[in-house]
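This report concerns the salt bridges of one structure. Please examine the sequence and the model shown here before reading on.

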Amino acid sequence: MKLSYRGVSYEHNSPQIETMTGAAGGTYRGATWNHQYLRHIPVPQPKVDLKYRGVAYSTGDPIDVEVVRLRREYTQVNGATANTTAIATKQKPAKSDRQQVLKELHSTHLDHLRHNLERRLQIAREKGDNHLIQLLEAESRQLA
C-alpha cells in the first residue's frame, strides 16, 4: 500500500496473518458470517535502550527486556568471539554461565515483585483498606 506523510511517500506492507474460520457465527441483515480465529498470534520482540528527547525507555514485557539486557551484558563480558564460536559449533554455552544468568534474572524479578508489592501496600495503607493490607501482607510472606 502506498502512503504519504507530510509529502514523503512510503510503502507499507501489513503482515499477512493466517486465520481459521470458526463454527460460531450468525446472520446479519441476511448475510451469514463466521468468526475468524488467528492460527498464530505474533509476539512482538522487546526493544531495549530506546530514547525519546533524552529519556531512556524500553518496550515490551519487563521480563523479556531484562533477558535481552542480560544477554547483551553477557556477550559484552565474554566477548563476541565466544558467542560466535558456540553458534558455529552449535554448542550451548557453559551450564554454569546459564545458571548464573538465570539466578541474576530470578533475583531481579523478585526485587521487582517486592518493590511492586511495597508500593501496593503503601497505597492500601493510605486508603485504610485493612482487608487488602492483610492480603498483601500474606503475599509478602509468600515471597519471603
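## Salt bridges along and between helices

Aspartate 111 and arginine 114 both belong to helix H3, three residues apart, or about one turn of the helix; helices (H or I, at least four residues) are DSSP runs numbered from the N terminus. This is a predicted model, in which local features need pLDDT of at least 70 and side-chain atom pairs count only at pLDDT 80 or more, while totals for chains, interfaces and linings use all residues. Residues are numbered from 1 along each chain as its sequence is written, and side-chain values use heavy atoms, with hydrogens and water left out.

The structure holds three salt bridges, a salt bridge being a side-chain nitrogen of Lys or Arg within 4 Å of a carboxyl oxygen of Asp or Glu.

| Salt bridge | Closest N and O atoms |
|---|---|
| Aspartate 111 and arginine 114 | 3.8 Å |
| Glutamate 139 and arginine 120 | 3.2 Å |
| Arginine 125 and glutamate 137 | 3.5 Å |

Glutamate 139 lies in helix H4 (residues 130-143) and arginine 120 in helix H3, so this pair ties together parts 19 residues apart in sequence. Arginine 125 lies in helix H3 and glutamate 137 in helix H4, so that pair ties together parts twelve residues apart in sequence.

Aspartate 111 is partly exposed, with a relative accessible area of 45%; buried means under 20%, exposed over 50%, and partly exposed in between (1.4 Å probe, protein chains only). Its partner arginine 114 is partly exposed at 37%. Glutamate 139 is partly exposed at 29%, and arginine 120 is partly exposed at 31%. Arginine 125 is likewise partly exposed, at 47%, as is glutamate 137, at 31%.

Definitions and conventions
Helices (H or I, at least four residues) and strands (E, at least two) are DSSP runs, numbered from the N terminus.
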